[in-house]
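Please open the model in your viewer and keep the sequence panel beside it. The stops below each name something to select and then describe what is found there.

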Amino acid sequence: MNTKIKTLPATDERQYMIHEKFEVYEKQGAPIGASSFHYHNFYEVLYVMEGEYSSMLENQTYHLKKGDFLLIDANIMHKYHHIEKKHDSSRRIILWITKETLDQLSDHQMDLTACFRSHNYCAYHFPAYYEEMLRGYLLKLAMSELIEGQLAGSKEVMDRGYLTLFFAYLNLLCSTGEYLFKEEETISHP
């Protein structure tokens with residue numbers, strides 16, 4: 001099996017999707033491209049695999065550490081918040097997904113977009129077993145190549161399954177509010 005994770009260099013400044021449904025990739029090091037405020041019409045999930053990462057959403061700064069998740073709703077102003085030398089060893093998985101894609105994966109019992117609107121804060125510390133499970137789905141989505149002998153359409157079916165499982169669990173975990181960053185873990189900029 002010759003699979004690898006899709007990566008983007010830290011210098012990549014792209015803030016738009018190339019694919020029409022979703023994109024998942026890994027970024028390493030302090031980002032250079034996302035240092036000014038921007039927004040997009042799709043959802044963003046950021047997962048810190050290693051090191052630290054800071055992001056400012058509208059008037060709140062979140063200092064994320066290994067294992068933390070940041071959920072960014074569509075059309076929310078945000079940017080990378082630089083802290084010198086602190087983010088050089090950062091490794092993150094970024095997931096961009098459209099509302100239409102999440103709506104198609106949702107059903108009348110569960111709205112998979114709800115996690116982006118469930119609380120005032122959007123950064124989460126999950127217990128290790130939940131974090132590992134979510135991380136596993138993200139890594140499977142980020143695999144860029146088919147497994148040898150795999151049917152051509154099977155990656156799309158598996159991706160749909162991984163996305164559904166990832167967002168179903170993410171919504172269940174976020175709905176409790178139990179794993180949210182505490183107010184003292186954020187910096188407010190009125």
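**A cysteine to begin with**

Select Cys115 first, a residue that is buried, with a relative accessible area of 4%; buried here means under 20% relative accessible area, exposed means over 50%, and partly exposed is in between, with a 1.4 Å probe and protein chains only. The model is a predicted one, in which local features need pLDDT of at least 70, side-chain atom pairs count only at pLDDT 80 or more, and totals for chains, interfaces and linings use all residues. Residues are numbered from 1 along each chain as its sequence is written, and side-chain values use heavy atoms, with hydrogens and water left out.

Now add Cys174 to the selection, which counts as buried at 0% relative accessibility. Are these two cysteines joined or apart, and why? The sulfur of Cys174 is 5.3 Å from its closest cysteine sulfur, that of Cys115, and this is too far for a bond, given that a disulfide is a pair of cysteine sulfur atoms within 2.5 Å. The structure as a whole holds zero disulfides.

**The open sheet**

Next, colour the strands and follow the open sheet, in which six strands are arranged in the order β1-β2-β8-β3-β6-β9 with mixed pairing. Helices (H or I, at least four residues) and strands (E, at least two) are DSSP runs numbered from the N terminus, and two strands pair if DSSP finds at least two bridges between them. At the edges stand β1 (7-8) and β9 (123-125), each with a single partner strand, so one side of each is left without a neighbour in the sheet.

To look at one of these edges, select β6 and β9, which run antiparallel and are joined by three bridges. Phe69 has Tyr124 in β9 as its bridge partner.

**A hairpin and two positive phi angles**

Move on to β4 (residues 52-57) and β5 (residues 60-65), an antiparallel pair joined by six bridges. Leu57 has Gln60 in β5 as its bridge partner, and in this hairpin, with two residues between the strands, Glu58 takes a positive phi near 50 degrees. Most residues other than glycine have a negative phi.

Another positive phi can be found at Asn75, where the value is near 65 degrees. Asn75 sits in the loop between β6 (68-72) and β7 (78-80), and is partly exposed, with a relative accessible area of 47%.

**Salt bridges along the helices**

How many salt bridges does a search of the whole structure find? The search finds six, where a salt bridge is a side-chain nitrogen of Lys or Arg within 4 Å of a carboxyl oxygen of Asp or Glu.

In helix α1, select Lys99 and Asp103, which form a salt bridge with their closest N and O atoms 2.9 Å apart. These two residues are four apart in the helix, so about one helical turn separates Asp103 from Lys99. Asp103 is partly exposed at 37% relative accessible area, and Lys99 is partly exposed at 38%.

In helix α2 (residues 128-142), Glu132 and Arg135 lie three residues apart, about one turn of the helix, and their side chains meet in a salt bridge of 3.9 Å, N to O. Glu132 counts as partly exposed at 43% relative accessibility, while Arg135 is partly exposed at 24%.

In helix α3, Lys155 and Asp159 are four residues apart, about one turn of the helix, and form a salt bridge whose closest N and O atoms are 3.1 Å apart. Both Lys155 and Asp159 are buried.

Before leaving the charged side chains, select Glu26, Glu50 and Arg91 together, which are linked in a network of salt bridges.

**The largest pocket**

For the last stop, show the surface around Lys21, Phe22, Glu156, Asp159 and Leu163, which lie nearest the centre of the largest pocket among its 15 lining residues. A pocket is an open set of points on a 1 Å grid over the protein atoms alone, where a 1.4 Å probe fits and protein lies on both sides within 12 Å along at least five of seven lines, and lining residues have an atom within 4 Å of a point. The elements that give two or more residues to this lining are β2 (22-28), α1 (99-105) and α3 (154-176), and α3 gives the most, with five residues.
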